[in-house]
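User: Please take one part of this model and look at it closely, then follow its surroundings outward as far as the coordinates allow. I would like a single connected account that I can read beside the structure.

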Amino acid sequence: MARLEFNELAYNNADELIFGKSKKPVTCKNGLVVGGGEVIPELNYTLPMMQITEETMPKVLQHYKEMTTSACEKAIELSAPSLCFEIELLPNCTFHPKWGIEVVKTVVDVAKEFEAKSNTKFIVRNTPVDIREGKGLEHMYHGMHWDAIMETFAGGAEAGADLMAIESIGGKHIHDDALMMGEMDKLLFALGVVGCKDMGILWDNIVKIGKEKDAIPSGDTACGFANTAMVLGNQGLIPRTCAAVDRVMTAVRTMVAVEAGAIGPDKDCGYEGVYMKAITGTPISMEGRTSACAHSSHVGNIVGAICDMWSNESVQNIRLLGGMAPTVYTEQLVYDCRMMNTATKLGKADVLKEIFVESDKALEPHGYIMDPKVVVEISKKIVAAKGHFERTRIAALATIDALRKGYDNKELLLADREYRYLDVMEASLSSVTTDVEAFTDEMKKACASEKFKPEWYDL
């Protein structure tokens with residue numbers, strides 16, 4: 001299958017990057033346009049702590065029906081023009097595709113019912129969990145795990161899901177160990193070789209299902225990679241500069257979905273989405289301060305600067321003083337999007353964007369690399385390189401250079417040890433051969449373990 005190539009940026013001017021507007025807007029079946037001028041709220045919700053079994057499935061479906069009903073009612077009450085529901089299916093609902101498909105159908109049916117009697121447009125994103133791990137794994141591209149994921153995608157599309165997405169994990173086990181040990185060569189292998197290969201095969205198949213079942217292949221996310229790094233950095237377990245460099249490296253593997261035919265909106269927890277939008281022009285979903293229900297970050301405002309959908313990460317169906325948590329978060333998302341869209345209507349979008357950026361960018365490396373100006377400069381260097389391996393390596397080196405300049409120009413606060421680690425990472429990457437075949441042969445031997453077997457990936 002022929003892949004798209006992105007050898008130049010969709011946005012050469014950072015001033016053109018703005019929330020709600022994308023150069024390649026996506027139109028859903030009900031006419032809702034993502035990236036066409038307005039930011040769309042995206043509610044990401046999940047079950048309370050409970051077992052998912054054949055016996056509990058009626059209760060599971062009741063939870064999803066109640067959550068979706070209350071969110072629809074709240075959106076309509078607040079005169080929201082649109083709302084997207086993201087269903088991040090839990091593992092048992094992907095291991096058992098029938099259960100996951102029933103969940104999707106339940107949400108779609110409720111959303112359609114409310115859309116038919118209101119002025120609010122509702123869409124649904126189906127996100128099966130990537131279950132390709134564990135002792136029972138036969139292979140990454142065939143066997144029980146692979147078949148279950150593909151069946152869940154196909155069945156969810158047939159049930160009416162508008163968007164298809166996944167948080168893929170190809171190469172994650174190499175990546176996690178490399179993060180903790182500070183091994184830049186293994187990070188490069190996990191993301192630039194294994195991850196990119198896996199993304200190509202995975203997304204060729206997802207795109208094919210989308211064409212067959214009339215669903216939109218939206219995008220992937222490096223949540224399992226770079227969000228892991230971000231959280232470890234916040235906890236002081238790895239340097240924060242390392243987490244920021246890792247984030248930009250993941251942009252190359254996440255972009256493979258678009259090369260294979262995904263058209264957006266990119267998935268919310270992939271903060272590398274800002275690089276995706278700058279390079280490919282596809283709309284992106286982002287999560288900021290409203291994701292505090294699931295995890296903390298230092299980029300709660302700046303990630304809103306160029307988003308096209310605004311999400312909350314995964315919130316459980318538990319009761320708060322204001323009501324059930326998904327309903328409460330629906331209200332927060334609707335108000336945030338109303339503010340951004342009103343800024344656009346008043347011609348003040350650039351002002352609000354500047355506030356978003358300036359409130360976060362100087363305080364933490366992850367914030368700095370989300371600045372649209374920094375994004376564009378790094379992205380230029382990424383697309384100038386050839387091949388996934390080289391682009392991932394250049395992404396790391398360009399980010400190191402950008403962080404160093406930010407600190408030297410007094411635009412970024414860094415502890416001395418964080419600044420010094422930039423030199424450590426640069427030296428490590430500079431010692432890596434640029435011969436991808438030789439590098440792959442070397443890394444296959446160095447990384448082989450019970451968690452990673454090269455033959456699982458046909459390497």
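**A close look at one loop**

Analyst: Ser297 lies in the loop between β8 (285–287) and β9, where helices (H or I, at least four residues) and strands (E, at least two) are DSSP runs numbered from the N terminus. This is a predicted model, in which local features need pLDDT of at least 70 and side-chain atom pairs count only at pLDDT 80 or more, while totals for chains, interfaces and linings use all residues. Residues are numbered from 1 along each chain as its sequence is written, and side-chain values use heavy atoms, with hydrogens and water left out.

A polar atom of the Ser297 side chain lies 3.3 Å from the backbone nitrogen of Val299. That is a polar contact (a pair of N or O atoms within 3.5 Å, one able to donate a hydrogen and the other to accept it; residues adjacent in sequence count only if both atoms are side-chain atoms). Setting aside its neighbours within four places in sequence, Ser297 is in contact with Met230, Asn234 and Tyr271, contact meaning heavy atoms within 4.5 Å.

After this loop comes β9, which spans residues 309–316 and contains Glu313. Glu313 has a positive phi of about 65° although it is not a glycine, and Glu313 is buried, with a relative accessible area of 6%; here buried means under 20% relative accessible area, exposed over 50% and partly exposed in between, with a 1.4 Å probe and protein chains only. Ser79 also departs from the glycine pattern, with a positive phi of about 60°, but Ser79 is exposed, at a relative accessible area of 62%, and sits in the loop between α1 (57–77) and β4 (82–88).

On the other side of β8 in sequence is α9 (273–280), a helix that is mostly covered, since eight of its eight residues are buried. Among these buried residues are Tyr275, Met276 and Lys277. The elements covering them include β1, α8, β8 and α13 (372–384). Gly281, which follows α9, has a positive phi near 80°. In the loop that leads from α8 (240–260) to α9 stands Pro265, and the peptide bond from Gly264 to Pro265 is cis, with omega near 0°.

Strand β1, one of the elements covering α9, covers residues 21–27 and runs antiparallel to β2 (residues 33–36), the two being joined by three bridges; strands are taken to pair if DSSP finds at least two bridges between them. Lys21 stands opposite Gly36 in β2. The hairpin of β1 and β2 has five residues between the strands, and in it Gly31 takes a positive phi near 95°.

A parallel pairing occurs between β6 (residues 163–166) and β7, with four bridges, and Leu163 stands opposite Ile216 in β7. Strand β7 (residues 216–220) is largely enclosed by the rest of the structure, because five of its five residues are buried.

The packing can be followed through the nonpolar cores, each a set of buried Ala, Val, Leu, Ile, Met, Phe, Trp, Tyr and Cys residues joined through side-chain atoms within 4.5 Å. The largest has 149 residues, and those with the most contacts inside it include Phe19, Phe189 and Trp310. Helix α6 (residues 184–213) gives the most to this core, with 15 residues. Not counting residues up to four places away in sequence, Phe19 touches, among others, Val39, Ile306, Cys307, Met340, Leu352 and Phe356. A second, separate core of 10 residues includes Leu32, Leu163, Ile216 and Met309. In soluble globular proteins, nonpolar side chains tend to be buried together.

Aromatic rings form another network. Rings of Phe, Tyr and Trp (its six-membered ring) pair if their centres lie within 6.5 Å, with planes under 30 degrees apart counted as stacked, over 60 as edge-to-face and the rest as tilted; by this rule the count comes to 11 aromatic pairs. Tyr141 and Trp146 make an edge-to-face pair, 5.8 Å centre to centre with 90° between the planes, and Tyr141 counts as buried at 11% relative accessibility, as does Trp146 at 7%. Phe452 and Tyr457 make a tilted pair, 5.5 Å centre to centre with 45° between the planes, and both residues are buried. These four belong to one aromatic cluster together with Phe189, Phe389 and Phe439.
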